[in-house]
Amino acid sequence: MMQELIEIAKQGQFDPETARRLAACIDSEFKSSPIRYFGARKVIIVAGASELLSIRISGFGESFKGRQLTCSNIDNPENLEVSMAESEMVFQSAKDPDVLYVKGGETSITGPKYSDITKDLDTLAEVLKILPRKDPDIVQIDNRIYRQTGTVYISGPFYLVILER
């Protein structure tokens, strides 16, 4: 697993902060994680060295292949929900718990199923106008960018998931 992490770090086109976080985790221990659900503002998923990620987006007729996927909410005030319930194994870095190594299965990224914004409103009629969109504002697959997409499904033999909260 450590060799695979080193290869991922070499191939990724990361921003300086993500590259620093990943470099710090390469020497750390990864332990099996019982947690399979996370909330984050931005999610970066990087394919292992040997195979590309298989990516499906709800509402798109085609599937995509890519080395790196980034999903983020910029305009939406809610966090993205990241589910690894369908993944075979999830390992979490001891040094940075927001760096996860996933082996097999599927990860999904979606928006909130509910919103707390309604608590701040006086009239129910206004709810529909300001509720956040339910899915990622921006999805980037390698150099291709999609806006306001549906739920994103990612699968591959192994890949790295980096969460920014």
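**View 1. Ser-33 tucked into a loop.** At 3% relative accessibility, Ser-33 counts as buried (that is, under 20% relative accessible area, with exposed meaning over 50% and partly exposed in between, using a 1.4 Å probe and protein chains only). The model shown here and in every other view is predicted, so local features need pLDDT of at least 70 and side-chain atom pairs count only at pLDDT 80 or more, while totals for chains, interfaces and linings use all residues. Residues are numbered from 1 along each chain as its sequence is written, and side-chain values use heavy atoms, with hydrogens and water left out. Ser-33 sits in the loop between strand 1 and strand 2 (37–40); helices (H or I, at least four residues) and strands (E, at least two) are DSSP runs, numbered from the N terminus. A polar atom of the Ser-33 side chain lies 3.2 Å from the backbone oxygen of Ile-35. The Ser-33 side chain also makes a polar contact with the side chain of Gln-92, at 3.5 Å (a pair of N or O atoms within 3.5 Å; within protein, one must be able to donate a hydrogen and the other to accept it, and residues adjacent in sequence count only if both atoms are side-chain atoms). Setting aside neighbours within four places in sequence, Ser-33 is in contact with Val-90, Phe-91 and Gln-92, contact being heavy atoms within 4.5 Å.

**View 2. Helix 1 and its two faces.** Out of three helices and twelve strands in the protein, this view picks helix 1 (residues 2–11), where Glu-4, Leu-5 and Ile-8 are buried. They share one side of helix 1 because they cover an arc of only 100° around the axis, taken from the directions from the helix axis to the C-beta atoms. Turned away from that buried side is the face with the exposed residues Gln-3 and Lys-10. What do the buried residues of helix 1 pack against? Helix 2 (16–26), strand 1 (30–32), strand 3 (42–47), strand 8 (99–110) and strand 12 (158–164).

**View 3. Two nonpolar cores.** The largest nonpolar core has 26 residues, of which Val-43, Ile-45, Leu-69, Ile-109, Val-152 and Val-161 touch the most other members. For the record, a nonpolar core is a set of buried Ala, Val, Leu, Ile, Met, Phe, Trp, Tyr and Cys residues joined through side-chain atoms within 4.5 Å. Strand 7 (residues 80–93) is the biggest giver to this core, with four residues. A second, separate core of 14 residues has Leu-22, Phe-91, Leu-160 and Ile-162 among its members. Back at Ile-45, contacts beyond four places in sequence include Leu-53, Arg-67, Leu-69, Ile-109, Ile-154 and Val-161. Across the protein, 48% of the 165 residues count as buried.

**View 4. Gly-105 up against its neighbours.** Gly-105 lies in strand 8 and is partly exposed, with a relative accessible area of 27%. Its C-alpha atom is separated by 3.9 Å from that of Ser-87, although the two residues are 18 apart along the chain. Not counting residues up to four places away in sequence, Gly-105 touches Glu-86, Ser-87, Glu-88, Ile-154, Ser-155, Gly-156 and Tyr-159.

**View 5. The largest pocket, with Asp-142 close to its centre.** About 290 Å³ of space lies in this pocket. Of its 16 lining residues, Gln-13, Gln-68, Thr-70, Gln-140 and Asp-142 are the closest to the centre. Strand 3, strand 6 (68–72) and strand 9 (138–141) are the elements giving two or more residues to the lining, and strand 6 has the largest share with three. On the 1 Å grid over the protein atoms alone, a pocket is an open set with protein on both sides within 12 Å along at least five of seven lines, a cavity is a set of points where a 1.4 Å probe fits but cannot get out, and lining residues have an atom within 4 Å of a point. Grid points are joined across faces, edges and corners, and a volume is the space filled by probe spheres set on the points. Asp-142 itself is in the loop between strand 9 and strand 10 (144–147), partly exposed at 31%, with a positive phi near 50°.

**View 6. Gln-148 in its loop.** Gln-148 lies between strand 10 and strand 11 (152–155) and is partly exposed at 34% relative accessibility. Its phi is near 50°, a positive value in a residue other than glycine. Most residues other than glycine have a negative phi.
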